[in-house]
Amino acid sequence: MREKEIKERKAIKKPYFIALWLMIIAVVGCQKTEPSNTSSNTPSVHQTAEPIEEKQVRIHFIDTGNSDAILIEQGEHAALIDGGDNNDEVLVVEYIKKLGITSLDYIFATHPDADHIGGLDAVISQIPVGQVFVGNGKATTKTYTDFIEAIMRKGLSPSVPLLGKTFNLGDAILKIVSVAHEKDVNNCSLVILYTYKDYKVLLMGDADQSIEQSIDVNEIGDVDLIKVGHHGSKTSSHYDFIKAVSPEHAVITCGEGNKYGHPNQETLDTLNKLNIATYRTDKMGDIIFDINSQGIQLYTSNPLKEDGVITQNEQKKNEILNEDKFLSENEAVVETFQEIGDSSHTVVYFTKDGKRYHKEKNCSNMKDPIVGTIDEVGERTPCKKCYN
Ligand SMILES: [Zn+2]
Ligand SMILES: [Zn+2]
């Protein structure tokens, strides 16, 4: 029951977020919040993102709980690295669509674990995709079969990229810096280095320390931002590796109160010791980085809690947290939205020609059920079996 509630809550959060910045624009009248007097490497924090400027880079760590879904966009170009878990599929699809993204140049499925590929079948079914790349290894799970079937239905052929292979995304380059074939499927993770101008972002998938050791850190150099491996577990993020790639910022994708204890204290200690500003999706919701002429800017969808940012450098922490006025205005708006609270974004299932929509995916043995929201059911009426 609780799980279902969480699922529903998650499903409605994203539209709030988007609607939220539309309201902010109304409230603050498009006024640009000046970035605080920060160095180019310290992002100012805004709770909500402003509309993206043309050709600007925006990287979204979508809050899908204890799973990964990372969207990178620039102008007309976008790539998705992992797509959350099975129960995140509506959330991820809606997140992408609400940004006005109508196609994805690439999908990278870092490895076959459900918390990385679970939502990708829905994304592939509903959003045109140029190419799909996968890591080595496969799974015998239904999630994996759904993923492969969705790819096949679209006439795409997934391939495993070669080590060192590069892909253009707008003015940026994505480079595969690990594509191992190991027994532990986490270590099959595609590790991806994103480079835009002088900025580098390293996306570790679920790779552990043995993979970190095999990565050519000299070739990578210093990065600005790292998505640490395996949701902050202690099997990843070895001190020497993190020190070698020397990020300014770290993102941990983890779910609130997850059963795995992610992120591990050891990982947090490592990042702390190296004075890396660390952002967690369980504390901050969606975490969005803009890279533009002003440097890196950070936005989050949740009212910022101080313990969402971890860094020992008090001055840096205060710089990151000093957008008090903006935050308090936004909190009022968040409350307004929570009061309105509607169910139109609840996940439902139906078929193309079916007259009913269902709460349960498996109800009535639906063939190729469409995953949607109540907004999208049209004339269909609720199934009596599911909603009695
Ligand atoms: Zn994972
Ligand atoms: Zn994994």
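Ser178 finds its bridge partner in β9, and that partner is Val191. This pair belongs to a predicted model, and the strands behind it are easy to place: β8 covers residues 172-178 and β9 covers residues 191-196. The two run antiparallel, with five bridges joining them.

β9 has business with another strand as well. Strand β10, residues 199-203, is joined to β9 by five bridges, and this pairing too is antiparallel. Within it, Tyr194 sits opposite Val201 of β10. The link from β9 to β10 is a hairpin with two residues between the strands. Lys197 lies in that turn, and its phi is positive, at about 50°. So much for β9, which pairs with β8 and also with β10.

Next comes a helical residue. Tyr239 is part of helix α8, which spans residues 239-245. Is Tyr239 buried or exposed? Neither label quite fits: Tyr239 has 15 other C-beta atoms within 10 Å, so it counts as partly exposed, given that buried takes 20 or more and exposed takes 12 or fewer. Tyr239 can also be set against Leu271, which is 32 residues away in sequence. In space, the C-alpha atoms of Tyr239 and Leu271 are 8.1 Å apart.

Zooming out to the chain as a whole, there are twelve helices and 20 strands. The chain has 388 residues, and 48% of them count as buried. As for how contacts spread along the sequence, take those between residues at least 6 apart: 68% of these join residues at least 24 apart.

Conventions:
Residues are numbered from 1 along each chain as its sequence is written. Chains are lettered from A and ligands numbered from 1 in the order in which they are written. This is a predicted model: local features need pLDDT of at least 70, side-chain atom pairs count only at pLDDT 80 or more; totals for chains, interfaces and linings use all residues. Helices (H or I, at least four residues) and strands (E, at least two) are DSSP runs, numbered from the N terminus. Two residues are in contact if their C-beta atoms, placed from the backbone, lie within 7 Å. Two strands pair if DSSP finds at least two bridges between them.
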